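Here are my notes on the pockets, cavities and cores. Please read them with the model open beside you.

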Amino acid sequence: MNLSATLPPLFSRHRFPRLMTTTAVLALSAACGGPLEQTASSDDSLGILEGSLASALTVTKAVSIVDATLERGQTVSASVTYTNNGTSAVTAKNIVLTSRAPGGTHAGGPVYDLTPRITNRTLQPGESVTLTATRVLASTDPLGTWELYPTWEDSSSTWLDGAGLTFSVATAGGGTTDPGTSGAWLSGAAGSGVSSGEFGIWRGTPVKIASTWSDNNTAAANFWQLDPGAEYGSWQQNLDIAVGAFDAGETWAKAASGAYDTRWRQSLTTLKNKWGSRPGTVYIRFAHEMNGNWYPWKVTASDATSFITAWKRYRALQKEIFPAARLVFNVNRESVSSGIDWRKTFPGAAYVDVMGVDYYNQYPYVATVTDWNNAIQQTDGYGAPKGLARHLEFAKSVGLPLSISEWSGNADNGDSPVFIEQMYNFFKVNGGTGAGKLLYEVLFNVERDNSRWILYPNTRMPNSKARYQQLF
């Protein structure tokens with residue numbers, strides 16, 4: 001369940017009777033031969049310390065933060081490890097990673113908790129527990145230097161704070177702009193557990209859009225997945241469907257001449273009829289990822305003129321036969337062996353409803369917030385968008401919303417919860433229905449390629465899986 005949606009972000013913790021002065025804490029620390037983890041904060045007049053040292057939890061792996069220089073709209077991500085170094089069991093009502101805004105105090109706040117928290121956990125002597133938690137910085141959060149620190153609540157409702165560290169918060173763009181939080185977007189997935197509803201139950205929110213593929217002439221003529229009893233036979237939500245343009249041996253030149261019009265007409269008619277009167281919207285990703293070199297319908301420099309002509313033919317058929325559907329111009333995040341700037345193949349906003357991109361954690365791999373910030377601003381060798389921010393800019397420039405019809409981590413590269421966090425943050429900041437807004441996104445949760453992409457139910461990226469479930 002998405003705890004960040006159910007727990008209020010702002011807390012002010014009141015101190016309880018069992019307190020010791022700073023002087024007493026330091027004296028006791030020296031007598032025990034070393035510093036204590038639960039000590040008085042420099043901004044509080046009283047420290048918090050468990051009455052019996054033998055039963056207190058101690059921080060055995062100091063709090064760490066993924067990135068200490070952040071902007072509003074980005075995600076604070078941190079972890080800490082507690083160990084029961086005493087001789088009897090210790091029950092913690094809550095173990096929390098929290099952050100103190102500039103000018104606040106531990107005692108008086110305001111403090112902003114990261115999520116999730118660990119609740120009602122009993123640790124036996126020698127047992128450890130690690131908490132990893134996140135928080136998206138809001139557009140109204142104070143700017144400046146913050147403190148991040150761990151704290152836990154014992155069985156008598158006393159809060160005990162651990163040593164922390166600082167991080168800085170600026171406005172987006174280095175202090176020049178503030179993105180705020182935009183509107184809602186359609187959050188979806190493709191693959192395991194989606195059509196049955198199991199995936200939505202697992203992540204804690206329903207799937208608003210699903211994706212499926214009909215990548216060859218036979219599949220695009222039949223759309224078997226929409227038949228009664230098939231995977232999406234009873235699906236009522238929105239559907240993104242990737243429709244292949246043609247098979248091997250066929251060309252864009254022939255398509256431009258109308259050679260495939262009859263087949264495309266029949267395909268669109270079948271899709272319309274099988275979808276019927278369902279309430280969701282169908283988004284057709286025709287000739288998806290045409291700027292790559294892996295599909296028969298790839299578009300090279302010599303194909304550009306024919307491709308645009310053929311696209312307009314397909315658009316005319318779609319508007320005639322299935323006008324309620326939406327046509328998506330969907331590119332791979334970067335061109336591969338195309339020999340052309342893919343923007344030169346864009347047919348014009350009059351012939352497209354949604355600008356789309358498929359975006360996986362690869363080329364380059366994102367492991368840190370710094371990696372993310374660099375990657376989303378990249379362009380390819382032609383100067384065309386490669387990074388996600390650049391794709392959004394292009395969508396805005398042509399007056400269209402953006403879709404991300406396929407996205408996920410890549411387990412062959414690593415397990416990056418930061419990528420999951422930053423994708424979520426991007427959706428949250430840019431979601432909406434207008435030009436330059438994120439209309440929908442679909443997690444590619446399909447079991448293939450040695451479990452390279454999948455998060456649920458089994459995954460090679462356990463940290464990414466946990467972070468996705470927490471945020472979405």
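How many nonpolar, polar and charged residues are there in the lining of the second largest pocket?

1. That lining has nine nonpolar, two polar and eight charged residues. Here Ala, Val, Leu, Ile, Met, Phe, Trp, Tyr, Cys and Pro count as nonpolar, Asp, Glu, Lys and Arg as charged, and the others, Gly among them, as polar.

2. A word on the source: this is a predicted model, where local features need pLDDT of at least 70 and side-chain atom pairs pLDDT 80 or more, while totals for chains, interfaces and linings use all residues. Residues are numbered from 1 along each chain as its sequence is written, and side-chain values use heavy atoms, leaving out hydrogens and water.

3. The second largest pocket has a volume of about 490 Å³. Of its 19 lining residues, Glu 289, Trp 294, Tyr 360, Glu 406 and Trp 453 lie nearest the centre. On a 1 Å grid over the protein atoms alone, a pocket is an open set of points with protein on both sides within 12 Å along at least five of seven lines, a cavity is a set where a 1.4 Å probe fits but cannot get out, and lining residues have an atom within 4 Å of a point. A volume is the space filled by probe spheres set on the points, which are joined across faces, edges and corners.

4. Five cavities reach 30 Å³ or more, and the largest holds about 60 Å³. Its lining includes Arg 263, Trp 264 and Phe 286, and divides into seven nonpolar, three polar and one charged.
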